[in-house]
Every structure is written in structure tokens, then in C-alpha cells.
Amino acid sequence: MENNNPLSPHIQIYKWHISSLVSIVTRITGIINILVITLICFWFAILLFGESSYEIIQLFFKSFLGKFIAVGITWSFSFQVLSEIRHLIMDLGYGFELKTTNVTGIMVIIFSFIFTILIYLLGRQFI
Amino acid sequence: MRPVTKKWLFLKISSFILIPLMLWFVINFVSFYDKNYQEIVRFLTTQPSKFLVSLFLIFAFFFSALSISEVLEDYIHDEKIKNAANKALNIFAILIPLTAIIVIFNLSL
């Protein structure tokens, strides 16, 4: 049976708003996160090969690039968590007014950076 | 219940469960990512982290498979390609976490 459901227009057709920005970044971070989690699964699998095979991964994570990627992953996870909380609140029927969607969208962006710093400090036991 | 409603409900329930698991995992990831072999294996083989990491992987892949299938629904025009992509996505979302959980349960110091 032919499916005649309308498809979404491509994103470049829309005029950019905070909501569309948060929405597209949520999709991008969602895809990045699942790729990262897949790589983490491979990382765990390497542990099966013993201590000597693991040294190169530890060296990578101790490098500047490794730390930069770890911070990037923290931001990507933070953004996704905050955006999902925003979505769940909207699913309950709150925050649909234009002004509110803009404010919550900006809050997701700003707090994703604050969360990244807090999570990093908490994880490294600085706080 | 219509299949789309069921899918939406699964998406929301998994999202609700995944939020605390994601926060717990990312805090621990930051604490162990540059640690040595023994410390990471110790983290993965002791409770509650062994159970929570497994749970996190199951929900992360389940939620992602549902979310990505929504993106495929929005942007892929050809039904055959869309079905093939969805099947590949589902196989991926079962195989990867299952393998990782088997690995975690076979790790020891």
C-alpha cells in the first residue's frame, strides 16, 4: 500500500528560531550520543583482551584531545538530558506559549554548559 | 491502542527512565575515562555499577532506536529503504548492548 503521509520539509526551508535550533541540536546530540555509547561498548570489549591492550586507550584519554573529547561527550549528554526534560514538560501540556518556548530553549542551551562544568567538577571530585 | 501511540508512550517512558541513568553514567564516565585497566574493570564488575551500566545501555539503545526511526520516518521517502534502515537499526540496537552486557558480565580482575 502506498504511504501518502506528508514528509517533513528540509530544515533549510524554515526560518531559524530558538525552538528549531534546540530541536535540531537535540537530534544531532542524540545521534552523537548513541555513536559515543557504541564506542564505549567497544571500549569495554577491549578490556577483555587484558591490561597490555588497554594501555593505548589510557594514553589517548590522558592526552589533550582525549580530555577535550571527554568534555565534549559531557556537554552532549548534558544537552540531551536537559532537552528531554523540556520535552517531557511540554508533553504534560506546559510551556507552549511562544515566549515560554524561547525562554526554555535558551535555558537548555545555557544550562547545558553549566551542567557540563558541574558534572566535570563532580566527576573529578573537585566538588 | 494504535501502534504510533504505543511507540510514543515507549519513547516517553524510556526517556523518563534514561534521564537519571544518563546523568549517573556521565558523572562516572568523567571520573573513570582516563583511569587504568584495574580501576575501570573494578568499576564495571562491582555492584551497583555493573547493574546500572547494563540498564543504561539497554535503555539508551532502546530510546535511540525509537528516536532515530522517527527521523527516518520524517526524511526517507522510499518505503523499502525506510523498512531496511529500520530493520538494520533494530538489529544494531539489540546486538551492541547485548554484546557489551555479556562482556561486562565476563570481566574479572
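Reader: Why is Ala84(B) called exposed rather than buried?

Author: Happy to explain. Ala84(B) has 12 other C-beta atoms within 10 Å. A residue counts as buried if 20 or more other C-beta atoms lie within 10 Å of its own, exposed if 12 or fewer, and partly exposed in between, with C-beta atoms placed from the backbone. Ala84(B) is therefore exposed. One word on the basis: this is a predicted model, in which local features need pLDDT of at least 70, side-chain atom pairs count only at pLDDT 80 or more, and totals for chains, interfaces and linings use all residues. Residues are numbered from 1 along each chain as its sequence is written, while chains are lettered from A and ligands numbered from 1 in the order in which they are written.

Reader: Which helix holds Ala84(B), and how do you know that the length of this helix agrees with its residue count?

Author: Ala84(B) lies in α4 of chain B. Helices (H or I, at least four residues) and strands (E, at least two) are DSSP runs, numbered from the N terminus. The expected span is 1.5 Å times one less than the number of residues. For the 28 residues of α4(B), residues 79-106, that gives 40 Å, and the end C-alpha atoms are 41 Å apart, so the two agree.

Reader: Which residues of α4(B) are buried, and what do they pack against?

Author: Ala93(B), Pro97(B), Ala100(B) and Ile104(B) are the buried ones. Their partners are α1 (18-47) of chain A, along with α2 (37-45) and α3 (49-75) of chain B. Contact here asks that two C-beta atoms, placed from the backbone, lie within 7 Å.

Reader: How many residues does each chain give to the contact between A and B?

Author: Chain A gives 34 residues and chain B gives 34. On the side of chain A, α3(A) brings the largest share, 11 residues.

Reader: What is the radius of gyration of chain B, set against a compact globule?

Author: Chain B has 17 Å, whereas a compact globule of 109 residues would be near 13 Å. The radius is taken over C-alpha atoms, and the globule rule is 2.2 Å times the number of residues to the power 0.38. The C-alpha atoms fill a box of roughly 50 × 25 × 25 Å along the principal axes, and buried residues make up 21% of the chain.

Reader: What confidence does the predictor give?

Author: Chain B averages a pLDDT (the predictor's confidence in each residue, from 0 to 100) of 93, with 100% of the residues scoring at least 70. The complex receives an ipTM of 0.90 and a pTM of 0.88.
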